[in-house]
Amino acid sequence: MQPKPRKQLDRPNFYGVFGLTANPLRLVFMMGAVWRLAQNLATDKVQILEIGSWCGASALAWGEAIQLYFGGNGKISCVDAWQPYVDLEVDADDNNRRMDAALRNDEPFDIFRQNIQFLPATVEIEILRGWSQDILPALPDAHYDLVYIDGDHTYAGVLSDINNSTGLLRDGGILCGDDLEMQAHQCDLSVLDAQPNVDRYYDQHLDAHYHPGVTKAVAETFGAVSAWSGFWAMEKSGQGWDRVSLKGMPPRIPGHIPAQSLLGLKALLMENDML
Ligand SMILES: C[S@@+](CC[C@H](N)C(=O)[O-])C[C@H]1O[C@@H](n2cnc3c(N)ncnc32)[C@H](O)[C@@H]1O
């Protein structure tokens, strides 16, 4: 039997489990980081490396920012294994189970390829399918203007991605990532040591969910970092790192935010005096 022709969508598919895994407010700050690069860097073609792409929500935000701040002149290299990666023995929450089942059917990779068709026409995309710990060491040194880490959220995974990324960044480039809801100085350090392999953790005392692996790996590498609603970023400066300022950043809402998230996002921007 011939395979059914794929239905051509008129907008990207971020429904259900394929949807935005992160708080959409973070996408606004991610676009702000590209705005910051455009203020600082004398480059006409911006190079972004993304570790962890899922169905393309973050890649589309990078693409829209490249269109806005670099006139569409840029490339996004997406590293993702699109293979089951969460240890369900450690982390069996509903979301992880649904993501794991989707990955076993190879659906997220299919949807990612459909969704990236909505990138601006001039923005280049490179798909590097595989585990970041295998792919990153083979990428060119001092080549990328921004590296975004949103793959394996265990302590060992985040630390390996940070360590393998620092040499790939140009001086003045931005190293950033997702899921830093809590910095080490804001939480119980014994939890960070006790839960290194957990993806997401609920802390009863704080009544908050966060990712202890991200918190621990980021704190050990940089200390306190600049962060906005879980998106963190640091700027490479010679052998060291500076915090990033997004003061004055235009609050752009990416066009692919699904309608069901849009009202909440506008309310958050108003609460933060950004609209
Ligand atoms: C939280 S999702 C990324 C979400 C995406 N950045 C977005 O905003 O839509 C994490 C992704 O990282 C990938 N991943 C996890 N561990 C990885 C690893 N070690 N190497 C490459 N990809 C990995 C998973 O396949 C998954 O697609």
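Which pocket is the space taken by the ligand? In this predicted model, the ligand takes up the space of the largest pocket.

**Figure 1. Overall fold of the predicted model.** The protein contains 9 helices and 10 strands. Its radius of gyration is 18 Å, close to the 19 Å that the globule rule gives for 275 residues, so the protein is as compact as a globular protein of that length. The C-alpha trace spans about 55 × 45 × 45 Å along its principal axes.

**Figure 2. The ligand in the largest pocket.** Two elements each give two or more residues to the shell around the ligand: helix 2 (57–70) and helix 5 (132–135). The shell residues comprise 7 nonpolar, 8 polar and 3 charged.

**Figure 3. Residues that come nearest to the ligand.** The ligand is surrounded by 18 residues, of which Gly 52, Ser 58, Asp 80, Ser 132 and Asp 150 come nearest.

**Figure 4. Contacts of ligand nitrogen atoms with Gly 52, Ser 58 and Ser 132.** In the case of Gly 52, a backbone N or O atom lies 2.8 Å from a nitrogen atom of the ligand. For Ser 58, an N or O atom in the side chain is 2.8 Å from a nitrogen atom of the ligand. Ser 132 places a backbone N or O atom 2.8 Å from a nitrogen atom of the ligand.

**Figure 5. Cover of the ligand by the protein.** On its own, the ligand has 610 Å² of accessible area, and the protein covers 97% of this area.

Notes
Residues numbered from 1 in each chain as written. Predicted model: local features only at pLDDT ≥ 70, side-chain atom pairs only at ≥ 80, totals over all residues. Heavy atoms only, no water. Near = heavy atom within 4 Å. Polar contact = N/O pair within 3.5 Å; in protein donor to acceptor, adjacent residues only side chain to side chain. Areas by Shrake-Rupley, 256 points an atom, 1.4 Å probe, with all protein chains shown as cover. 1 Å grid on protein atoms, 1.4 Å probe; cavity = no way out; pocket = protein on both sides within 12 Å on 5 of 7 lines; lining within 4 Å. Sits in = over half its atoms within 2 Å of the grid points. Helix = DSSP H or I, 4+ residues; strand = E, 2+ residues; numbered from the N terminus. Nonpolar A, V, L, I, M, F, W, Y, C, P; charged D, E, K, R; others polar. Rg over C-alpha atoms; globule rule 2.2 N^0.38 Å.
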